[in-house]
Amino acid sequence: EDYMVDRTVAIGTGGASTLCFTIATLCSFYAGMRHKSKGEGDGHCCLGGFVIAGWIIFCLTFINDLIVLVLAFDPDNIIYPEVVWSALIGSILSWMLMFGYSEMARRG
């Protein structure tokens, strides 16, 4: 019974964190695009690299998050902590790259 309570909390927390990181990453990208369109200079040399790396990591992490959430609904599936940690670290990294892109676009 404790397992089911822990599993329910984990599914809710995982879904909420996936949603929050997705919204934060997309908002950072949108802010960067707005700053880039209003900018007059050439921008920073790493601007394209940040946005491409951010999108690649975001897509891979989002797919990983969805797989973990779908597998979590079946009580017979075992989800290893390493997979969950990789999803969390990937979400944080993709947000940091998009935020860096937004900040470089704002300053450039």
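# Cysteines, helices and enclosed space

The sulfur of C20 lies 11 Å from the closest cysteine sulfur, which belongs to C27, and this is too far for a bond. The structure described here is a predicted model, and the distance should be read as a property of that model. Seen from the other side, the closest cysteine sulfur to that of C27 is the one in C20, again at 11 Å and again too far for a bond. A disulfide would need the two sulfur atoms to be within 2.5 Å, and a search of the whole structure accordingly finds 0 disulfides. The two cysteines also fall into separate exposure classes: C20 counts as exposed because its relative accessibility is 52%, where the class begins over 50%, whereas C27, with a relative accessible area of 47%, is partly exposed.

From the cysteines we can turn to the helices. Helix α1 covers residues 2-38, α2 covers 47-72 and α3 covers 81-107. For α2, the 26 residues should span 38 Å at 1.5 Å a residue, and the end C-alpha atoms are 37 Å apart, so the actual span agrees with the expected one. Helix α3, with 27 residues, reaches 39 Å from its first C-alpha to its last, which is close to the 39 Å expected at 1.5 Å a residue.

Which residues of α2 are buried? They are L47, V51, G54, F58, T61, N64, D65, V68, L69 and A72. An α-helix has 3.6 residues a turn, so residues three or four places apart point the same way. With that in mind, the reader may follow the buried residues along the helix, including L47, V51, G54, F58 and T61. In α3 the buried residues are A87, G90, S91, S94, L97, M98, G100, Y101, S102, M104 and A105. One of them, S91, has a relative accessible area of 7% and is therefore buried, since that class lies under 20%. The C-alpha atom of S91 is separated by 23 Å from that of N77, although these two residues are 14 apart along the chain.

Some of these buried side chains join into a core. The largest nonpolar core has 6 residues, namely L47, V51, M98, Y101, M104 and A105. Both α2 and α3 supply at least two residues of this core, and the largest share, 4 residues, comes from α3.

The model also contains enclosed space. A search of the whole structure finds 1 cavity of 30 Å³ or more, and the largest cavity holds about 50 Å³ of space. Its lining is made by T18, F21, T22, T25, F58, T61, F62, D65, S91 and S94, with α1, α2 and α3 as the elements that give two or more residues. By class, this lining divides into 3 nonpolar, 6 polar and 1 charged residues. Several residues already met reappear here: F58, T61 and D65 are among the buried residues of α2, while S91 and S94 are among those of α3.

A pocket, unlike a cavity, is open, and the largest pocket contains about 630 Å³ of space. Of the 26 residues that line this pocket, A10, I11, V68, I79 and V84 are the closest to its centre. Helices α1, α2 and α3 each supply at least two residues of the lining, and α1 gives the most, with 10 residues. In terms of class, the lining of the largest pocket has 16 nonpolar, 6 polar and 4 charged residues.

Two further positions in α1 complete the tour. M33 is placed in helix α1 and is partly exposed, because its relative accessible area is 38%; its C-alpha atom is separated by 13 Å from that of I52, which lies 19 residues away along the chain. K38 also has its place in helix α1, and with a relative accessible area of 60% this lysine is exposed. How far apart are the C-alpha atoms of K38 and G108? They are separated by 9.9 Å, although the two residues are 70 apart along the chain.

Terms used: Residues are numbered from 1 along each chain as its sequence is written. This is a predicted model: local features need pLDDT of at least 70, side-chain atom pairs count only at pLDDT 80 or more; totals for chains, interfaces and linings use all residues. Side-chain values use heavy atoms; hydrogens and water are left out. Buried means under 20% relative accessible area, exposed over 50%, partly exposed in between (1.4 Å probe, protein chains only). On a 1 Å grid over the protein atoms alone, a cavity is a set of points where a 1.4 Å probe fits but cannot get out, and a pocket is an open set with protein on both sides within 12 Å along at least five of seven lines; lining residues have an atom within 4 Å of a point. Grid points are joined across faces, edges and corners, and a volume is the space filled by probe spheres set on the points. Ala, Val, Leu, Ile, Met, Phe, Trp, Tyr, Cys and Pro count as nonpolar, Asp, Glu, Lys and Arg as charged, and the others, Gly among them, as polar. The expected span of a helix is 1.5 Å times one less than its number of residues. A nonpolar core is a set of buried Ala, Val, Leu, Ile, Met, Phe, Trp, Tyr and Cys residues joined through side-chain atoms within 4.5 Å.
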